[in-house]
Amino acid sequence: MKRAHNFSAGPAALPTEVLEKVREELLDYKNTGTSIMEKSHRGKEYTEVDQQAKERLTRILGLGNDFHIMFLQGGATAQFMQVPLNFLEEHETADYINTGVWSQKAIKETKLFGNVHIPFSSEEEQFSRVPNDDELQLSDQPRYLHYTSNNTIYGTQFQQEPKSDGAPLVCDASSDFLSREIDVDRYGLIYAGAQKNLGPSGVTVVIVKKEFLESISKKNIPTFLDYRSHATRILNTPPTFAVYMVNLVLEWFEDKGGIPYFKKLNQEKSDLLYSTIDVDDFFRGTAQKDSRSKMNVTFRLPSEELEKKFLEEAANNDLVALKGHRSVGGIRASIYNACRLESVKALADFMEYFRAKNG
Ligand code: PMP
């Protein structure tokens, strides 16, 4: 068996230890004679999985008793619609920072429900950066401020929460969830598809502040799409196997040392790649330096032919899934929590070798 150095942007690499545990438990979950996949979502075992995963998230993020955690379906894409459907009245305005395609998709959905004000956009700079606080032109008392904390395609990341003048933050944290600490008190809602930093695809973690949830005054929200239907109970059959895997990833995450451990590791991994890029101008980082992501490192080579050659030779060396997003091209190394330092070192070595041969 071989495990490649996997730099996939998502669904992304999972910890080998977690996959091994899944394999071990697959046919006979804790001596019950059935798989966790084959059990009722209301039964003892799955109830325990659901509660454990929520307890772990509460502990890891320091959520206290102020938040509800939900395991929903439909990916982050469903959240683009579900957030304004629940929180935005027709006459109200929500602020959306536009830092890429995922922000734009969220904006498009929100316009179906109310007004959108855009306090900053980097569209004219090919989304190569995120804003400084002093560039944000917030509206007067927005319902909430939405931002995409890490822009998976462009390799940019907010270095901290943007200013919001007291408005609750709503964050699409799909591609940097649990990679560093967050200032939980400032959030109304955080959502993240699991398939990058948290587990397999099929489940989206949605964390909502109780106070924010209680501020919903809209009527006629379809039951399934109303956050209040999910906040305190399991409404219908959830993606049980995906949640089970999320719980195992969270167990692994805590065993390793939690956010402090991964924050340091992610810094080390991204430093290694950016310092390799910055040696000369053979590799060219696409994100502006103060906006660089610690999760997706994006760069170009002197020509598209060389990029093609780079990808081919990398794959021959077991360095896989390095192709940039189809909308921007180039190279993208996604180095989420489960991507090991050893894989990043192998990539940096390969980059140096490739530069020496072709530069
Ligand atoms: N937001 C961000 C930041 C993403 O990276 C992605 C997926 N790459 C999405 C939203 C869309 O997620 P999903 O496919 O889970 O709907």
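Colleague: Where does N197 sit in the chain?

Modeller: In this predicted model, N197 is in the loop between β9 (187–193) and β10 (204–209).

Colleague: Why is N197 called buried?

Modeller: Its relative accessible area is 7%, and buried means under 20%. The value for N197 falls under that cut-off, so the residue counts as buried.

Colleague: What makes the link between the side chain of N197 and the backbone oxygen of F177 a polar contact?

Modeller: A polar atom of the N197 side chain lies 2.9 Å from that backbone oxygen, and the cut-off for such a pair is 3.5 Å. There is also a pair with N337: its backbone nitrogen is 2.8 Å from a polar atom of the N197 side chain.

Colleague: Which residues does N197 touch, leaving out those up to four places away in sequence?

Modeller: Those are D176, F177, S179, V249, M295, Y336 and N337.

Colleague: You mentioned F177. What part does F177 have in the largest nonpolar core?

Modeller: That core has 52 residues, and F177, L178 and I207 touch the most other members. Helix α7 (residues 240–256) gives the largest share, 10 residues. The core also draws at least three residues from each of domain 1 (16–255) and domain 2 (257–358).

Colleague: And which residues are in contact with I207, aside from neighbours within four places in sequence?

Modeller: I207 is in contact with L61, L63, F67, H68, I69, F177, G188, L189 and I190. Apart from this core lies another, of 26 residues, including L88, A106, Y191 and L213.

Colleague: How do you know that the two domains meet, and how many residues of each are in contact?

Modeller: Contact needs heavy atoms within 4.5 Å, and 27 residues of domain 1 are in contact with 25 residues of domain 2. The centres of the two domains, taken over C-alpha atoms, are separated by 27 Å.

Colleague: Let's turn to the ligand. Which of the residues around it come nearest?

Modeller: There are 13 residues around the ligand, and T77, T152, D172, Q195 and K196 come nearest. Helix α3 (residues 75–87) supplies the largest share of the shell, four residues.

Colleague: What makes the D172 pair with the ligand a polar contact?

Modeller: An N or O atom in the D172 side chain is 2.6 Å from a nitrogen atom of the ligand, and the cut-off is 3.5 Å. The pair therefore qualifies as a polar contact. K196 has a polar side-chain atom 2.9 Å from a ligand nitrogen atom, while a polar backbone atom of A76 is 3.2 Å from a ligand oxygen atom.

Colleague: How much of the ligand's accessible area does the protein cover?

Modeller: On its own the ligand has 400 Å² of accessible area, of which the protein covers 84%.

Technical notes:
Residues are numbered from 1 along each chain as its sequence is written. This is a predicted model: local features need pLDDT of at least 70, side-chain atom pairs count only at pLDDT 80 or more; totals for chains, interfaces and linings use all residues. Side-chain values use heavy atoms; hydrogens and water are left out. A nonpolar core is a set of buried Ala, Val, Leu, Ile, Met, Phe, Trp, Tyr and Cys residues joined through side-chain atoms within 4.5 Å. Buried means under 20% relative accessible area, exposed over 50%, partly exposed in between (1.4 Å probe, protein chains only). Helices (H or I, at least four residues) and strands (E, at least two) are DSSP runs, numbered from the N terminus. Domain bounds come from an automatic or database domain assignment. A residue is near a molecule or strand if one of its heavy atoms lies within 4 Å of it. A polar contact is a pair of N or O atoms within 3.5 Å; within protein, one must be able to donate a hydrogen and the other to accept it, and residues adjacent in sequence count only if both atoms are side-chain atoms. Accessible areas come from the Shrake-Rupley method with a 1.4 Å probe; for residues, only the protein chains shown count as cover.
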